Structure formats: C-alpha cells, structure tokens
Amino acid sequence: MTETPIDPVPVVEIARLGQHIGEEVRIQGWVYNLRESGKLLFPLFRDGTGLLQAVVFQKNVSPELFAQVRSLTQESSIHARGVVRADQRAPGGVELDLHVLTVLQLVPASDPYPISPKEHGIDFLMDHRHLWLRSQRQAAILRVRHQVIRAVRDFFDNEGYVLADAPILTPAACEGTSTLFEVQYFDDKAFLTQSGQLYAEAAAMALGKTYCFGPTFRAEKSKTRRHLTEFWMVEPETAFAQLDDIMHLAEKLVTAVVARVLEHCRNELKTLERNPAPLEAIQLPFPRISYDEALSRIQTAGSEMKWGDDLGGGDETLLSKQFDRPVMVHRYPASAKAFYMQPDPERPEVALCVDMLAPEGYGEIVGGSQRIHDLNLLRQRLEEHHLAEADFRWYLDLRRWGSVPHGGFGMGIERVVAWICGLEHIRETIPFPRTIYRIFP
Ligand code: 4AD
Ligand code: MG
C-alpha cells in the first residue's frame, strides 16, 4: 500500500464531474476496464457514483505514466488526477485527461479479479456476491433499493405515521407455525420474527398511526424466484382503519415509491434495461376485485384453482397480466388466511383482507387485513389454529382494554424492488440474499 500524498486538487465524485468541465480534479476509485488503441490508453474508472473514461495519449505523458496506466489491472484501486473534458460519446458525457496516477493497490496479474467481463454462472456469481456487488448492474439495483426505502420512510413520515419497530426475537408465531426459525434463547427457545404486525397493533393503540420496518424471517422451503428466507418488510398499522382505508393507504404508498424511483433512478433503470413505460402507468386508483371475481378470471384463463384455495404463483401471474397496474384482491376465504383476520360481517366465510399483486407477473407485493377486535372471536380463532392462548396473552389484552377496529399491511421491499427493476429473480434485490440454498457469503 502506498501512502496517499497530500494533494491540493479537490476530489470530485464521478457523477458530479459534469459541473467541473475544464477543471483539474482528482477522482478516487477502482479500475473497471482498460482499453488500448495504439498510442492511446483508455482506462475506465468507477467510484461507486458512476463510470469515467480517462484518456492517456503516449506523446502527451511521461513514459513512466504511460507504462503505469498500461499495467493497470481490473479492480486495482487508484487516485487519478487530470482535467475534465466534455465528450458526448463518453459514458456520463465527460472524459478525464489523466496527468497523475497513484495506485493504492495493484491487483497482481498472477491473481486476477475473479469476475471478468465475460459471462459467469449464477452460482459462481452468488459465491462471489461480496465482489459481484461492484458490477454496474448490481450497484444500480442497490441504488433503486435505497430510493425505495427512502420513499417508504418519507411517505409514512408525511402521512403522520410514527416509527415503532418490533422485536426480531419473539416468543411465538405470527403468520403460521410451520415457517419459524427457532433459536436458542439462554435456557429457552425463541423464534426469529415472521412479521412485526402483532407488536405494531400494540403500538397503534398507543400512537394511532404507526409502522415498523425491519428484517423478517420465513423458514419456508420455497424454491421460487419470489422467496427469500430473510427479507425486509414495512408494516403500517392504523387504529380505527377499515379494509377500504387499508387498501387506499397501500395504493398511495406503492404509487409514491414508483414515482420516487422514476424521479431519481432513470440512469439505473437504463443500466438495468428496464422499460420505464409500465412504471409510468402506475397511477391511482388501483383496480380492486374480490377473491370471487379473481377466481372466475383465473379459472377462465385456464387454472384449476378452486374456491378456498390461496392463489398460487401461477394464478397470480394469470391475474396480474390482465391489468396495467397493481391489482388489489380482497375478501379471501378466511380458511386460507391467518388467524387474526376480521371476518366480513356480511359473509363470515371471507376475511376483510387484501393482497396487492404487482403487474407483469411479479406476484404479491402487499398483504394486509383488518384485524379481529373482538376478544371472544380472537380467542376462538387462536383455538381453531391450535395456538396457545398463553403465548398471546398480551395480544389479547389489546382487545380487553380499549379495543377498536384497526388494520394494516406488510409490503416486502425485495418483491417491490424486483418488480420495479424488472428482475428475473428476487436474489439480486438484497445485498446478501438468504435462501433455502444459500447462507454464504
Ligand atoms: O403476506 P404476508 O405474509 O403478510 C404478513 O406478514 C402480515 N403480517 C403483514 C401485515 O399485515 N402487517 O407478507 C407480506 C409481504 C408479502 O406481500 C410480500 O411482499 C412479502 O411480505 N413476503 C416476502 N418477500 C420475500 N420473500 C418471502 N419469503 C416473503 N414472504 C412475504
Ligand atoms: Mg401474503
């Protein structure tokens, strides 16, 4: 490692070089690529904000600098100094006339960076996820994810929701006992949370409008392109809210998230070759159809689904392809859903719940419901679901003292990012994915 010398020339991020045309600047980053054309060298640098092509003309620089640039290897870390020049053909619209190069670490030619520009298999890339993140495509996805999360937090803040996070270590199930990760908790057992919802309900009785936002865990043995075992979920919960209020909040949230990405991530969508047109069509209101109508549409489209079944991934795709924006399916058979859902008073065999399905076959992005607020009914449901009342003592207390109708939903961040980015598989939407097959790196 070479000590970095003190240099009076300012460091500028590559994304901001357009504001420094004609100026001498320094950039700090990594070598992405090196092209050579006779007496010209074109090193391509990246710094996390963008890509920059530098130009080194043999007759304008010392033989030492020319040789030094020529020996650069992929992912060597550097400081480069030079003058910024506008050039419409270059990526980002600027080039750098390179004058001085400091190499912090030269990647040895004998041990080259493992991810070359050629194609690699997905297992190889996943094994090297810690390096793969440096690719333009993966960095673009993480930038979109960042904007999605910012949009979510701003949205709830603007709507007057107070953040109150739920614990990750929990004593009991929320979404069903079969998908729990068990952990040793001193002399006892605990579980990694599947959803912060039950705690968010307690917070809603204190704050009125609240949300929690954290990692959640599902030990389902799903091998689909839509399932992670660890994913991030945002869960608003609203006191006095009914199903219509919940649906309206969900459609406003999704619209705000998409609008934010379109505003801030045009370049990223281009890098991902994501057509923005279907995203630009995402406007309020979203279509709302009952489970019964969804079922008949799905059956007409050729599925063998029967009344009472939950929608499978294929069914969701059949249905969502019929709409140009997310569709909200409400009032599923209560028997297909979680224990806490409020039955429809006009038709108790269906629950006051909603799933929002993303367009283009991306499946369920939001799941929510009104919650049972009657103490005796909730007790009865716990029993029917073989859940021990003792584990839910505190949850029942919420119905004992000042119970009100209330509801909320959960939106999975990774599902939303996969849809917005137009990705084949959810595994690219989170820095280090956890799936049934993978917990490394
Ligand atoms: O429909 P789910 O299971 O709902 C709940 O957990 C409720 N307790 C939420 C609530 O009402 N507060 O999950 C909600 C969302 C799904 O719509 C989906 O976007 C995402 O979480 N999700 C997953 N994302 C990635 N991998 C998985 N295995 C997921 N399971 C659910
Ligand atoms: Mg669901």
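Contact here means that heavy atoms lie within 4.5 Å of each other. The structure is a predicted model, and this definition is applied to M126. Leaving aside neighbours within four places in sequence, M126 is in contact with W132, R427, P433, R438, F440 and P441. M126 belongs to helix 2, which covers residues 122-127. Its relative accessibility is 3%, and because buried means under 20%, M126 counts as buried. L398 lies 272 residues from M126 along the chain, and the C-alpha atoms of the two are separated by 44 Å.

The next topic is helix packing. Two packed helices are described by the angle between their axes and the distance between the axes. Helix 4 (residues 136-158) and helix 6 (residues 243-264) have axes that come within 9 Å and cross at roughly 135 degrees. That angle makes helix 4 oblique to helix 6, and the crossing is right-handed. On the side of helix 4, the contact is made by V144, Q147, V148, R150, A151, V152, D154, F155 and F156. Helix 6 contributes L249, K252, L253, A256, V257, R260, V261 and H264. Sorted by class, this contact of helix 4 with helix 6 has eleven nonpolar, two polar and four charged residues.

Helix 4 also packs against helix 13, at an angle of about 125 degrees and with the axes 10 Å apart. Helix 4 and helix 13 are therefore oblique to each other, and their crossing is right-handed. Here I141, V144, R145, V148, I149 and V152 of helix 4 meet I413, E414, V416, V417, I420 and C421 of helix 13. The contact of helix 4 with helix 13 has ten nonpolar residues, no polar ones and two charged ones.

These helices reappear in the largest nonpolar core. That core has 48 residues, of which F156, M411, W419 and I420 touch the most other members. Two or more residues come from each of helix 4, strand 10 (209-217), helix 6, strand 16 (353-358), strand 17 (363-370), strand 18 (406-412) and helix 13 (413-421). Helix 6 gives the most to this core, with eleven residues. Which residues does M411 touch, not counting those up to four places away in sequence? They are V152, W232, M233, V234, L253, V254, V257, I365, V366 and V416. Apart from the largest core lies another core, of 33 residues, including Y340, A351, L357 and L378.

Key: Residues are numbered from 1 along each chain as its sequence is written. Chains are lettered from A and ligands numbered from 1 in the order in which they are written. This is a predicted model: local features need pLDDT of at least 70, side-chain atom pairs count only at pLDDT 80 or more; totals for chains, interfaces and linings use all residues. Side-chain values use heavy atoms; hydrogens and water are left out. Helices (H or I, at least four residues) and strands (E, at least two) are DSSP runs, numbered from the N terminus. Buried means under 20% relative accessible area, exposed over 50%, partly exposed in between (1.4 Å probe, protein chains only). Axes are lines fitted to C-alpha atoms, for helices over the stretch in contact, and angles run from 0 to 180 degrees between N-to-C directions. Angles under 35 degrees count as roughly parallel, over 145 as roughly antiparallel, 65 to 115 as roughly perpendicular and the rest as oblique. A crossing is left-handed if the near helix is turned anticlockwise from the far one by less than a right angle, and right-handed if clockwise. Ala, Val, Leu, Ile, Met, Phe, Trp, Tyr, Cys and Pro count as nonpolar, Asp, Glu, Lys and Arg as charged, and the others, Gly among them, as polar. A nonpolar core is a set of buried Ala, Val, Leu, Ile, Met, Phe, Trp, Tyr and Cys residues joined through side-chain atoms within 4.5 Å.
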